[in-house]
Amino acid sequence: MKMVGALLATFREVAGHTQRSLGEHFVVSEQQIASIEQGRRPLKPDLADQLDDLLDTKGALTAALAHMPEVDLVPLWAEEFLDREREAIAISSYENQVVPGLLQTEAYARAVFRSRVPVYDEEQISQLITARIKRQQILQDKEPPITCFVVWEPVLQAPFGGRTVWAEQLSHLRECSEFPGLMLQVLPLERTSHASLDGPFVLLETPEHQRLAYTENQRGSQLIADPHEVAILTQKCAMLRSQALTPEDTRDLLDRLLGEQ
């Protein structure tokens with residue numbers, strides 16, 4: 001990634017572009033171009049093709065990508081989602097299987113990854129946990145995104161990873177619920193209506209105010225940019241928040257669960 005980034009920086013400078021002007025040409029942020037050039041962010045194949053055309057590099061960037069080693073543990077759509085999540089100014093999500101990744105403890109995350117079928121080896125698990133914990137830094141940034149998490153109550157009732165891991169995870173959720181700009185709401189099991197029986201999803205708003213959605217299923221993931229599809233999930237999110245406990249009542253529920261330990 002650093003090699004590809006260095007190539008892009010060289011080609012850009014020879015063509016007389018700044019990071020800003022190159023970003024404006026492709027309607028991406030200057031920060032995104034800088035991240036690619038520094039090797040912190042992967043260059044996507046479609047953007048590589050467009051850059052080769054604009055900078056007249058005879059397919060050099062596309063060829064470089066084609067010969068990069070297969071080292072990533074996440075699929076392309078998930079990789080793109082993680083890129084957008086790092087830059088998002090607002091994040092909303094609904095989860096009905098496990099605690100949202102941004103709110104997981106290290107021990108809980110380990111239990112999640114060890115449950116995968118087919119199984120990961122311990123080295124892969126360690127790499128994935130490191131990446132997940134690093135993601136959570138956005139909640140501690142000087143200007144963190146506005147975040148809203150709606151979690152179905154059975155997720156909090158299931159002692160995933162064992163009683164000790166579960167209690168630690170509940171305590172961490174209680175702590176996170178006090179973060180500025182973070183709203184944690186539990187959707188009670190007793191509710192007689194449910195706006196997202198189709199499963200979990202995440203909504204993102206980029207610094208350019210583009211709205212995106214991300215979903216996962218048994219066999220893959222999908223990053224959604226179509227305004228109509230994103231609008232449907234936005235409506236579902238609004239309904240879920242109205243059906244869920246308030247943040248204050250959610251904290252009371254967590255306190256009761258912790259008191260039962």
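# Exercises on a six-stranded sheet and its surroundings

Strand 5 (residues 211–217) and strand 6 pair in the antiparallel sense, and five bridges connect them. Two strands are taken to pair if DSSP finds at least two bridges between them, while helices (H or I, at least four residues) and strands (E, at least two) are DSSP runs, numbered from the N terminus.

The model is predicted, and local features need pLDDT of at least 70, side-chain atom pairs count only at pLDDT 80 or more, and totals for chains, interfaces and linings use all residues. Residues are numbered from 1 along each chain as its sequence is written, and side-chain values use heavy atoms, with hydrogens and water left out.

## Exercise 1: the sheet

Work out in which order the six strands form the sheet, and which strands are at its edges.

Solution. Step one is the general principle: strands of a sheet pair through backbone hydrogen bonds, either parallel or antiparallel. Step two is the order, which reads 3-2-1-4-5-6 in an open sheet with mixed pairing. The edges follow as the third step: strand 3 (182–187) and strand 6 (220–224) each pair on one side only. From one strand to the next, the twist averages 10 degrees. As a last step, look within the pair formed by strands 5 and 6, where Glu 216 stands opposite Ser 221 of strand 6.

## Exercise 2: the helix on the sheet

Which strands does helix 11 touch, and what angle does its direction make with that of strand 4?

Solution. Begin with contact, which means heavy atoms within 4.5 Å. Helix 11 (residues 227–243) packs on the sheet and touches strand 1 (90–95), strand 2 (146–152), strand 3, strand 4 (201–205), strand 5 and strand 6. For the angle, axes are lines fitted to C-alpha atoms, for helices over the stretch in contact, and angles run from 0 to 180 degrees between N-to-C directions. On that basis, the direction of helix 11 makes about 110 degrees with that of strand 4.

## Exercise 3: backbone features in loops

Locate the cis peptide bond, and then decide whether Lys 58 is buried or exposed.

Solution. The peptide bond that runs from Val 117 to Pro 118 is cis, with omega near 0 degrees, and Pro 118 is found in the loop between helix 7 (106–114) and helix 8 (122–135). Turning to phi, Lys 58 is not a glycine, yet has a positive value of about 55 degrees; this residue lies in the loop between helix 4 (45–55) and helix 5 (60–66). For accessibility, buried means under 20% relative accessible area, exposed over 50%, and partly exposed in between (1.4 Å probe, protein chains only). At 71% relative accessibility, Lys 58 is therefore exposed. His 209, in the loop between strand 4 and strand 5, is another residue other than glycine with a positive phi, near 65 degrees, and with a relative accessible area of 54% His 209 is exposed.

## Exercise 4: cysteines

Explain why Cys 148 is not bonded to the closest cysteine sulfur.

Solution. A disulfide is a pair of cysteine sulfur atoms within 2.5 Å, and a search of the whole structure finds zero of them. The closest cysteine sulfur to that of Cys 148 belongs to Cys 237 and is 5.4 Å away, which is too far for a bond. Cys 148 is buried, with a relative accessible area of 2%. Cys 176 is in no disulfide either, as the nearest cysteine sulfur, that of Cys 148, is 14 Å away; at 1% relative accessibility, Cys 176 counts as buried.

## Exercise 5: aromatic pairs

How many aromatic pairs are there, and why does the pair of Phe 81 and Tyr 214 count as stacked?

Solution. Rings of Phe, Tyr and Trp (its six-membered ring) pair if their centres lie within 6.5 Å, and planes under 30 degrees apart count as stacked, over 60 as edge-to-face and the rest as tilted. The count comes to four aromatic pairs. In one of them, the ring centres of Phe 81 and Tyr 214 are 4.1 Å apart with the planes at 10 degrees, so the pair is stacked. This pair links distant parts of the chain, with Phe 81 in helix 6 (residues 76–87) and Tyr 214 in strand 5, 133 residues apart. Both Phe 81 and Tyr 214 are buried. Phe 113 and Tyr 120 form an edge-to-face pair, at 6.4 Å centre to centre and 70 degrees between the planes, and both Phe 113 and Tyr 120 are buried.
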